[in-house]
Each structure stands twice: as C-alpha cells, then as structure tokens.
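Biologist: I'm new to this one, so could you take me through a single part of it slowly? Please pick one chain, and say how far the model can be trusted there.

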Amino acid sequence: MSDTLAEALDAEYAATYAYGLIGSHLSSAQQPQARTDLDAHRQLRDELRAKLSASGVTPAPPAPAYQPTTPVTNARSAKALAVQVELALAGSWSDVTTQTDDAQRIWAIKNAQACTRRAMSWGASSQAFPGP
Amino acid sequence: MIRAATVAVIAIPAVPALAGCGSDKPSPPNPDDQLRSQVALEEQALINRYSSAIAAFPNVANTLTAIRDQHVEHLKAMGAPPINQGETAIEGSKSSANELASLAAAERKASKARALSCEAAGDQELRRTLSLISCSELMHAIELAAKS
C-alpha cells in the first residue's frame, strides 16, 4: 500500500511546486483558479503524509525542485503544464486504487476524478486512458 | 421521424471462459470476469450510440468519432472485441446539441458505474484500468457538455 501512496505523495509535491510556477505566468483573471487548484493539492499532500504516517511509514520530504519537461515561459505553456500535472496525477491516483482497502480505494478514485476535472478545466483533450 | 434503420443485434460473447472443461459442475463465475463482461456490454452499447449519432449528425462527427474510438479502447481493455452493430434510429426532431447533451449524461452515468466497478474489483490491474476508464468517461462528459 505504501509504495503507491509514496509515489502519489511525490506527484502531489511536484504538483504543488508546479502550481507556483504556473501561477506566476497566468493573468490575474486566471490566478484564482490556480490558487484553488494549488490549495487542493496541498490538502491531498497533507492527507497522503498523514496516511503514510498512520501506516508506520515516514513520508519522504519533497525534492528541492521539480523540473518541467518543457519550458514554462507564458500563459499557454503554464496551462499545458497544469494539464500535464493533473493527468499524471490521475494516473498516480488510479495506481493507488490497486493496493488499498475499500475506503482508501473510494478516496483514490475520487481524487483521480478530481484531477481529471482540473485537467479539463485547463484545456485537456479527452483520452482513453488519462496519463502524462 | 426516423433517420436510420437498425442493422443487426449481435450478442457479445462472455469475455473469459466461465466453465471448466471435463467437470460435471461448472465452476462458479469469477466476480472479476463478470465485471469485465458487464463493462464490455456497457462499452459496446455506448459505441453503438455513438455510431448512430455519427450517422445522424455529420456536423459533430469528428468529435463523436474520436470519443467512440476511445470507447473501443475501453472495450478492448476488457478483453472483448468491438462488434459493428450498425446504427440505430435517432428521433428526427432531435438536434445535434440535444444529442451531445444526451451523450454527456450517458458518459457521466458510465463514469460513475466504472468507479463503482473499480471499488468492487478484486484484481489490482482491473481496478487501475477501471479507474482510468472512469476518468476518461468523465472527460467525455465534460467535453460533450461544453459543446452541447
């Protein structure tokens, strides 16, 4: 169980870092959405840390920095990064469904769907199996 | 008014073999196999709906074809081959916007059903696949609702 939770935690760390970068390239009109999404990922990060601790695993700290796969230089590339981050997380949360008990499985599916909604709100296109 | 005629109805084969060979009593059905078969039936029904909508509304065919192709991928992931069942009738008075809204509602329902199947599945890889399909169908619902 802890492996997929630890991987999801690292993905949430990366998302939290990415939204800082994303927000700095968006217009003031798009800032509230980025802040709301950042808050959602901070909450998921904290929930994951708490669940890992409760299962006897010390949560790993975040990396000092996370490098985007493509440069973020304007609003367009910032939104593309948001889509990439959210789709990657939909995959990470779907991975969590493989090794969890019933309550955690429901929690993981809901989080995968929430990431999917956020990806669409940033301009994602439909995919058969959402992922990076 | 009716736009198109029903072509054929073909039963989807059960995805895996459910009975053992050479035994008097058939093995009890595996719950995960039953889930796969159920999801395959629902995915095939969605594919049929899209085929009908594509035939009836060429103005939105590109969008609908792309989504139908993704349902074909879902069906294959359940171990079932897609079957061309032709197009069924769509009410002549229905607009493309109405049809997109109707398909969006069907996708939302399908997404919820896949999430429930994911919760019920025993096999780890099946759970993961169903979670991803649930997310994919949520994407379809959002995309179609935005275009309706």
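Modeller: Let's start with the shaky bit of chain B: over residues 1–11, pLDDT (the predictor's confidence in each residue, from 0 to 100) stays under 50. The model has 26 contacts beyond four places in sequence for that stretch, a contact being two residues whose C-beta atoms, placed from the backbone, lie within 7 Å. This is a predicted model, where local features need pLDDT of at least 70 and side-chain atom pairs count only at pLDDT 80 or more, while totals for chains, interfaces and linings use all residues. Residues are numbered from 1 along each chain as its sequence is written, and chains are lettered from A and ligands numbered from 1 in the order in which they are written.

Taken as a whole, chain B has a mean pLDDT of 85, and 81% of its residues reach 70 or more. For the complex, the predictor gives an ipTM of 0.94 and a pTM of 0.88.

So what is chain B built from? It has four helices and zero strands, and the pattern along the sequence reads α-α-α-α. Helices (H or I, at least four residues) and strands (E, at least two) are DSSP runs, numbered from the N terminus. Among contacts in chain B with a separation of 6 or more, 74% link residues 24 or more positions apart. Of its 148 residues, 42% are buried, meaning that 20 or more other C-beta atoms lie within 10 Å of a residue's own; 12 or fewer makes it exposed, anything in between partly exposed, with C-beta atoms placed from the backbone.

Now zoom in on one helix pair. The axes of α1(B), residues 31–56, and α3(B) come within 11 Å and cross at roughly 170°. Axes here are lines fitted to C-alpha atoms, for helices over the stretch in contact, with angles from 0 to 180 degrees between N-to-C directions. The two helices are therefore roughly antiparallel, the label for angles over 145 degrees. On the α1(B) side, the contact includes Leu35(B), Val39(B), Glu42(B) and Leu46(B); on the α3(B) side, Glu99(B), Leu103(B), Ala106(B) and Ala110(B) are among the residues taking part. Sorted by type, the contact has nine nonpolar residues, one polar and four charged. Ala, Val, Leu, Ile, Met, Phe, Trp, Tyr, Cys and Pro count as nonpolar, Asp, Glu, Lys and Arg as charged, and the others, Gly among them, as polar.

Two single residues are worth a look. Asp33(B) is in helix α1, and it is partly exposed because 17 other C-beta atoms lie within 10 Å. From Asp33(B) to Ala61(B) is 28 residues in sequence but 33 Å in space, C-alpha to C-alpha. Lys76(B) belongs to helix α2 and is partly exposed too, with 14 other C-beta atoms within 10 Å. The C-alpha atoms of Lys76(B) and Ala40(B) are 8.2 Å apart, with their positions 36 residues apart along the chain.

Finally, there's the neighbour. Chain A and chain B each put 20 residues into their contact. On the chain B side, α2 (61–77), α3 (96–120) and α4 (124–147) each supply at least two residues, and α4(B) gives the largest share, 13 residues. That side divides into eight nonpolar, seven polar and five charged residues. Chain A itself has four helices and zero strands.

Conventions
Parallel < 35°, antiparallel > 145°, perpendicular 65-115°, else oblique.
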